[in-house]
Amino acid sequence: MKRNRGSRASRALAVVVMLLAAQLVALAWPAYACGCGGMIARDPSRIAVDHEASAVSWDGRTERILMSLDVSGDAEEAAWIMPVPNRADVRLGSSRLFLELARLAAPEHRDRHYFWPRSGDWPYDDVDGAYAPGGGARGGGVDVVGRERLGPFDVASLKATDPDALKDWLDDNGFALPKRLHRELKPYVDLRWEYVAVRLAPGDDERRRVLGGTLQPLHLTFESERFVYPMRLSRAAKQPQNLRLYVLAPHRMRPSSAIGGEAPQVRFAGRVEKPADEVRAFARPGGGDTADGDPFLTVYEQDFPVPGRISGDHELRRAHSDAEYRTVVYHSRILTWGDVPVWIVTTGAAALALGTLVVWRVRARRRPSAEGG
């Protein structure tokens, strides 16, 4: 009996160990998906998107998308696909735009003072309590309208009338994607959208055999009657997703719906006065002047806890007003007088006053007794 119990306990322990190992693998190599779709490496290699930034602009006719990805892992190749409503011009972009947009949208920092000491302040300074609350060839159902090498990217521009034929072409040409992504291509085929298929390779330099670090941004320009940001392919992601979107347009823009995620949060909204050259050029995708002078920048963040609930693409529309907004980050700091906390000064002064009062009252009581004697 004891032997059977021991055997069952051993088997249970082995199951627990395997489950924990599986969870650790899942945490170490999550199945990331960009707003542009899923970045997938060939088995058994793995690739992770550590950070994604996307900037979009629209002048009522022409749209631009600039995507920058930070990747890590042990993959030598990876691929993804971006649906677009019309023929896209694809080229390498510059990371300077993201640096300037991040500077423009940086939060305002303010101090919020408190009187009594907290964790991290003397005499409780043994615990750190600081805190801050708060983008050719022809073959059965697929037309290859262009293919070129752009830095680390092998880029193919495609048209397709058959989702199965599109799947086969991608598989046959080194853009292999998982079945869960292939299923999501059908709505775009039905809408007669086109596709930018991207395959990443680190190049011929033997010192760079593995993809990693910040990839040079990829810049897409295409005609569009609507201001859209493709998101549907992120339905295939297995891990929660986060989207940070810099939107440049003549006016403040808003997503028409949450498309299955949490409510989009505005992190910044404001007119960009005297914009830097890279901002001005990106905000005018058609090459002309914006309707109302300087562009308006709106920055959104949105979480998708359950990617499978993503119902479509983001459609951006003009907001009800051009009201401006900037995130404020408060830093709690103890109130000081010079370098001395005010609570020490006030409590010291109060203690001194109280002590003086006590001494005075004691002396006052003793004085009549002395006179009577």
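How many salt bridges does the structure hold? In this predicted model, the count comes to 13. A few of these pairs are worth walking through, together with the helices, strands and cores around them.

Take R235 and E184, whose side chains meet in a salt bridge at 3.1 Å, N to O. R235 sits in the loop between β15 and β16 (241-249), while E184 belongs to helix α4, so this pair ties together parts of the chain that are 51 residues apart in sequence. R235 is partly exposed, with 30% relative accessible area, whereas E184, at 14%, falls under the 20% cut-off and counts as buried.

Salt bridges with shared partners also link R147, D154 and R199 into one network. Within that network, the side chains of D154 and R147 come together at 2.8 Å, N to O. Here too the two partners differ in exposure: D154 is buried, at 8% relative accessibility, and R147 is partly exposed, at 39%.

Then there is a pair inside a helix. K167 and D171 form a salt bridge at 3.1 Å, N to O. Both lie in helix α3 (residues 163-172), and because they are four residues apart, about one helical turn separates them. K167 counts as partly exposed at 24% relative accessibility, and so does D171 at 28%.

Back to α4, the helix that carries E184. This helix spans residues 179-190, and its buried residues are L181, H182, E184, L185, Y188 and V189. They cover an arc of only 165 degrees around the axis, so they sit on the same side of α4. That fits the general geometry: an α-helix has 3.6 residues a turn, so residues three or four places apart point the same way. The face turned away from the buried side carries K179, R183 and D190, which are exposed. Just after α4, R192 takes a positive phi of about 65 degrees.

On to the nonpolar interior. The largest nonpolar core has 32 residues, and the members that touch the most others are V56, V90, F153, V196, L218, L220 and F227. Several strands feed this core with at least two residues each: β4 (47-58), β5 (62-73), β6 (78-84), β7 (88-92), β11 (153-160), β12 (194-200), β14 (218-223) and β16. The largest share, four residues, comes from β16. A second core is separate from this one; it has 23 residues, including V144, L170, W193 and A197. As for L220, leaving aside residues up to four places away in sequence, its contacts are E63, R64, I65, M67, M82, V84, A88, D89, V90 and V196.

Finally, the strands β15, β20 and β17 make up an open sheet of three, in the order β15-β20-β17, with antiparallel pairing. β15 (228-229) and β17 (253-255) stand at the edges with a single partner strand each, so one side of each has no neighbour in the sheet. The antiparallel strands β15 and β20 (residues 314-318) are joined by two bridges. V228 has E315 of β20 as its bridge partner.

Technical notes. Residues are numbered from 1 along each chain as its sequence is written. This is a predicted model: local features need pLDDT of at least 70, side-chain atom pairs count only at pLDDT 80 or more; totals for chains, interfaces and linings use all residues. Side-chain values use heavy atoms; hydrogens and water are left out. Two strands pair if DSSP finds at least two bridges between them. Buried means under 20% relative accessible area, exposed over 50%, partly exposed in between (1.4 Å probe, protein chains only). The arc is that of the directions from the helix axis to the C-beta atoms. A salt bridge is a side-chain nitrogen of Lys or Arg within 4 Å of a carboxyl oxygen of Asp or Glu. A nonpolar core is a set of buried Ala, Val, Leu, Ile, Met, Phe, Trp, Tyr and Cys residues joined through side-chain atoms within 4.5 Å. Contact means heavy atoms within 4.5 Å.
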